[in-house]
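Here are some friendly notes to read alongside the structure. Please keep the model open while you go through the points.

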Amino acid sequence: MATQAQATAGRFAPELIEQGREQFHRTCAQCHGRNMVNAGTTVYDLRKFPLDQPDRFQQSVTLGKGNMPSFKDALTPEQVAVLWAYVGTRGGKEN
Ligand code: HEC
């Protein structure tokens with residue numbers, strides 16, 4: 001993919017983070033809140049998700065966890081990867 005080959009100061013190309021942001025607001029924000037902001041009481045606060053656990057992210061989103069449904073049939077692995085670019089950089093703030 002061209003966006004991945006592009007030189008960038010951060011871990012993720014800014015385009016991937018932007019795609020992740022859009023995907024997040026289509027499929028995740030209704031529970032996790034706009035820009036990942038929610039009360040953090042019953043729904044996991046994604047702003048605190050450990051940045052060094054991409055495999056856990058991939059697994060939880062793909063298979064579901066607790067009251068969160070599985071997104072195995074709703075999202076491709078590529079879509080989960082751009083979601084990680086967004087969540088795993090705190091929305092681009094820690095790229
Ligand atoms: C129907 C509401 C709902 C939707 C939609 C939803 N989530 Fe969740 N999510 C939850 C809840 C509830 C938890 C807490 C699960 C638990 O630990 O019991 C959670 C937990 C998580 C966790 C932490 C899992 C862990 O390993 O501890 C991640 C990461 C996550 N969600 C990402 C996402 C992403 C990305 C999307 C969009 C594709 C999404 N969620 C959509 C409700 C939702």
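**Notes on the ligand site and its surroundings**

1. A good place to begin is Lys 65, where a polar side-chain atom lies 3.0 Å from an oxygen atom of the ligand. Please bear in mind that this is a predicted model.

2. Two other side chains make polar approaches to the ligand. In Arg 56, an N or O atom of the side chain is 2.6 Å from a ligand oxygen atom. For Ser 60, the corresponding distance from a side-chain N or O atom to an oxygen atom of the ligand is 2.7 Å.

3. Which residues come nearest to the ligand? There are 20 residues around the ligand, and Cys 28, Cys 31, His 32, Arg 56 and Met 68 are the ones that come nearest.

4. Now to the metal. NE2 of His 32 and SD of Met 68 coordinate the iron atom of the ligand, at 1.9 to 2.0 Å. These two residues come from distant parts of the chain, 36 residues apart: His 32 belongs to helix 3 (residues 29–32), while Met 68 sits in the loop between helix 4 (54–63) and helix 5 (77–87). The iron site has six donor atoms, with angles of 84 to 180° among them, and its geometry is octahedral.

5. Are the two coordinating residues buried or exposed? His 32 has 10% relative accessibility, so it counts as buried. Met 68, at 24%, counts as partly exposed, because that class covers values between 20% and 50%.

6. Helix 2 deserves a look as well. This helix spans residues 14–27, 14 residues in total, and reaches 20 Å from its first C-alpha to its last, close to the 20 Å expected at 1.5 Å a residue. Its buried residues are Leu 16, Ile 17, Gly 20, Gln 23, Phe 24 and Thr 27. Viewed down the axis of helix 2, the buried residues fall within an arc of 125°, so they line one face of the helix.

7. Pro 54 is placed in helix 4. With a relative accessible area of 34%, Pro 54 is partly exposed. Its C-alpha is 9.1 Å from that of Ala 81, although the two are 27 residues apart in sequence.

8. Finally, Arg 90 is found in the segment after helix 5. The relative accessible area of Arg 90 is 19%, and it is buried because the cut-off is under 20%. Between the C-alpha atoms of Arg 90 and Gly 33 there are 13 Å in space and 57 residues along the chain.

Key. Residues numbered from 1 in each chain as written. Predicted model: local features only at pLDDT ≥ 70, side-chain atom pairs only at ≥ 80, totals over all residues. Heavy atoms only, no water. Helix = DSSP H or I, 4+ residues; strand = E, 2+ residues; numbered from the N terminus. Expected span 1.5 Å × (residues − 1). Buried < 20%, exposed > 50% of the residue type's maximum accessible area, 1.4 Å probe, protein only. Arc of directions from axis to C-beta. Donors = N, O, S within 2.8 Å, 3.2 Å for Na, K, Ca; no water. Tetrahedral: all angles 85-135°; square planar, octahedral: opposite > 155°, others 65-115°. Near = heavy atom within 4 Å. Polar contact = N/O pair within 3.5 Å; in protein donor to acceptor, adjacent residues only side chain to side chain.
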